[in-house]
Amino acid sequence: MSSQPKEAVGAAYTIDSMRHAQAMTWRAINSLAQRIRPGMLESEARELGKQLLTELDTQRIWHPLLVRFGANTLKTFKQRSDGDPVLGDNDIFFIDMGAVWQGHEGDAGATFSTGTDPDMIACASAAKELFDRVQSRWKNDKVVGLDLYRYAEEQAHAMGWQLNLDIKGHRVSDFPHAIHRGGDLGDFEHYPNAGLWILEIQIAHPSKPYGAFYEDLLA
């Protein structure tokens, strides 16, 4: 593995297990998204997600499950939701899951919309598109973590969205990655190697009270 201290891993680490944990996390997110319906409370959707993770035999949760409805999609991970909103017929929501399989930390998030509101549909799509652009930059140009988020900000502006730079990605590993103190991807001064970093994208609509989130493993 990398000689960079911020890319340290434990003795059990394998990239295949990282990819398995990530695949299981995406399976859980997509299954939960299919079960979330208009009229449901945000808290009810979160409880559904916890049940689903139990059904999928996750070993443990390594970060709290987040489900955000409506204006709460502007909240960062550390911020509490405002109230317990009901999902509307034309609405937006995101899911952020972090769970452990095979001793490795999966972490993924995506945004979904209900109904036919074109701006909400575009916002959800834009978070994924921006993620893809930044991931391509990582793969093709071998840039350092700092430059990835500079590029993300430029691209978000060009696309007509506002990037939340308080969210700048983070380490994952065999559990627990926190002992390695890897810090944020957006502060990493070296090329981030595959299977170690989560690229996070959170955007806001330029004039309406909602946003979108997308994250996945750089692998």
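The lining of the largest pocket in this predicted model divides into three nonpolar, seven polar and nine charged residues. The pocket itself holds about 390 Å³ of space. Of its 19 lining residues, those closest to the centre are Phe77, Lys78, His170, Asp184 and Glu200. Two strands, β1 (60–69) and β5 (170–171), each contribute at least two residues to this lining.

The second largest pocket has a volume of about 180 Å³. Among the residues that line this pocket are Glu42, Arg46, Pro64, Leu66, Val67 and Arg68, together with Phe77, Lys78, Gln79, Arg80 and Ser81. Here the elements that give two or more residues are α2 (42–55) and β1. The largest share, four residues, comes from β1. By class, the lining of the second largest pocket comprises four nonpolar, two polar and five charged residues.

Enclosed space is the next topic. Rolling a probe the size of a water molecule over the atoms reveals where empty space is left. A search of the whole structure finds one cavity of 30 Å³ or more, and the largest cavity contains about 50 Å³ of space. Its lining includes the aromatic residues Phe77, Phe94 and Phe213, the aliphatic residues Leu66 and Ile167, and also Lys75, Thr76, Asp96, Glu200 and Gln202. Both β2 (91–101) and β6 (197–204) give two or more residues to this lining. Five residues of the cavity lining are nonpolar, two are polar and three are charged.

Phe77 links these spaces: Phe77 is among the residues closest to the centre of the largest pocket, lines the second largest pocket and also lines the largest cavity.

How values were computed: Residues are numbered from 1 along each chain as its sequence is written. This is a predicted model: local features need pLDDT of at least 70, side-chain atom pairs count only at pLDDT 80 or more; totals for chains, interfaces and linings use all residues. Side-chain values use heavy atoms; hydrogens and water are left out. On a 1 Å grid over the protein atoms alone, a cavity is a set of points where a 1.4 Å probe fits but cannot get out, and a pocket is an open set with protein on both sides within 12 Å along at least five of seven lines; lining residues have an atom within 4 Å of a point. Grid points are joined across faces, edges and corners, and a volume is the space filled by probe spheres set on the points. Ala, Val, Leu, Ile, Met, Phe, Trp, Tyr, Cys and Pro count as nonpolar, Asp, Glu, Lys and Arg as charged, and the others, Gly among them, as polar.
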